[in-house]
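I opened a new model today and kept notes as I went. I began with a pair of side chains and worked outward from there.

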Amino acid sequence: MPSVTVRNVPDEVHRAIRVRAAQHGRSIEAEMRDILESAVKPEGRVKLGSLLAEIGRKVKLTDEEFAIFESARDRTPARAASFE
């Protein structure tokens with residue numbers, strides 16, 4: 001797992017993170033990981049697979065209709081990119 005060093009964090013920010021970590025019963029490092037994760041992966045994010053499955057449920061897609069999509073799907077392996 002990669003590690004990151006953050007320099008020049010203002011004292012008041014470091015203190016606030018330390019307090020927040022203590023409130024949550026974890027280390028400052030664990031608190032910072034949680035802060036970063038919640039910033040880049042918010043709870044309300046849309047996941048494509050879940051969205052497509054929900055659409056299928058809403059339109060009441062039958063197994064027979066799904067089989068039509070599966071039979072029309074191109075299963076040819078993708079070609080390697082050429083940069084020449």
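**Entry: a pair in α3.** I looked up glutamate 54 and arginine 57 first. They sit 3 residues apart in helix α3, so about one helical turn separates them. Their side chains form a salt bridge, with the closest N and O atoms 3.1 Å apart. I checked the accessibility of each partner. Glutamate 54 has a relative accessible area of 33%, so I noted it as partly exposed. Arginine 57 is at 54% and counts as exposed. I should add that this is a predicted model.

**Entry: a network.** Next I asked which residues salt bridges join into one network. They are Arg20, Arg26, Glu31 and Asp34, linked through shared partners. I took one contact from it: arginine 26 meets glutamate 31 in a salt bridge, with the closest N and O atoms 2.6 Å apart. Is glutamate 31 buried or exposed? Its relative accessible area is 0%, so glutamate 31 is buried. Arginine 26 is at 33% and counts as partly exposed.

**Entry: a pair in α2.** I then turned to glutamate 29 and arginine 33. Both lie in helix α2, which covers residues 28–40, and they are 4 residues apart, about one turn of the helix. Their side chains form a salt bridge at 2.9 Å, N to O. Glutamate 29 is exposed at 54% relative accessible area. Arginine 33 is partly exposed at 44%. I noted the total too: the structure holds 8 salt bridges.

**Entry: the nonpolar patch.** I looked for nonpolar side chains on the surface. Val46, Leu48, Leu51, Leu52, Ile55, Val59, Leu61, Phe66 and Phe69 form a patch there, with about 910 Å² of accessible area together. The elements giving two or more residues to the patch are α3 (48–58) and α4 (63–72). α3 gives the most, with 4 residues. I singled out valine 59, which is in the loop between α3 and α4. Valine 59 has 58% relative accessibility; the exposed class starts over 50%, so valine 59 counts as exposed.

**Entry: the whole chain.** Last, I stepped back. I found 4 helices and 0 strands, in the order α-α-α-α. The radius of gyration is 23 Å, well over the 12 Å that the globule rule gives for 84 residues, so the protein is more spread out than a compact globule. Its C-alpha atoms fill a box of roughly 60 × 45 × 15 Å along the principal axes. Buried residues make up 6% of the 84. The protein exposes about 8200 Å², and carbon and sulfur atoms supply 56% of that. I closed with the charges: the mean positions of the 15 positive and 14 negative ones are 4 Å apart.

Note on methods: Residues numbered from 1 in each chain as written. Predicted model: local features only at pLDDT ≥ 70, side-chain atom pairs only at ≥ 80, totals over all residues. Heavy atoms only, no water. Rg over C-alpha atoms; globule rule 2.2 N^0.38 Å. Buried < 20%, exposed > 50% of the residue type's maximum accessible area, 1.4 Å probe, protein only. Areas by Shrake-Rupley, 256 points an atom, 1.4 Å probe, with all protein chains shown as cover. Lys, Arg positive; Asp, Glu negative; His and termini not counted. Charge placed at Lys NZ, Arg CZ, Asp CG, Glu CD. Patch = residues over 30% accessible without salt bridge, like charges linked within 9 Å, V, L, I, M, F, W, Y side chains within 5 Å. Salt bridge = Lys/Arg side-chain N within 4 Å of Asp/Glu carboxyl O.
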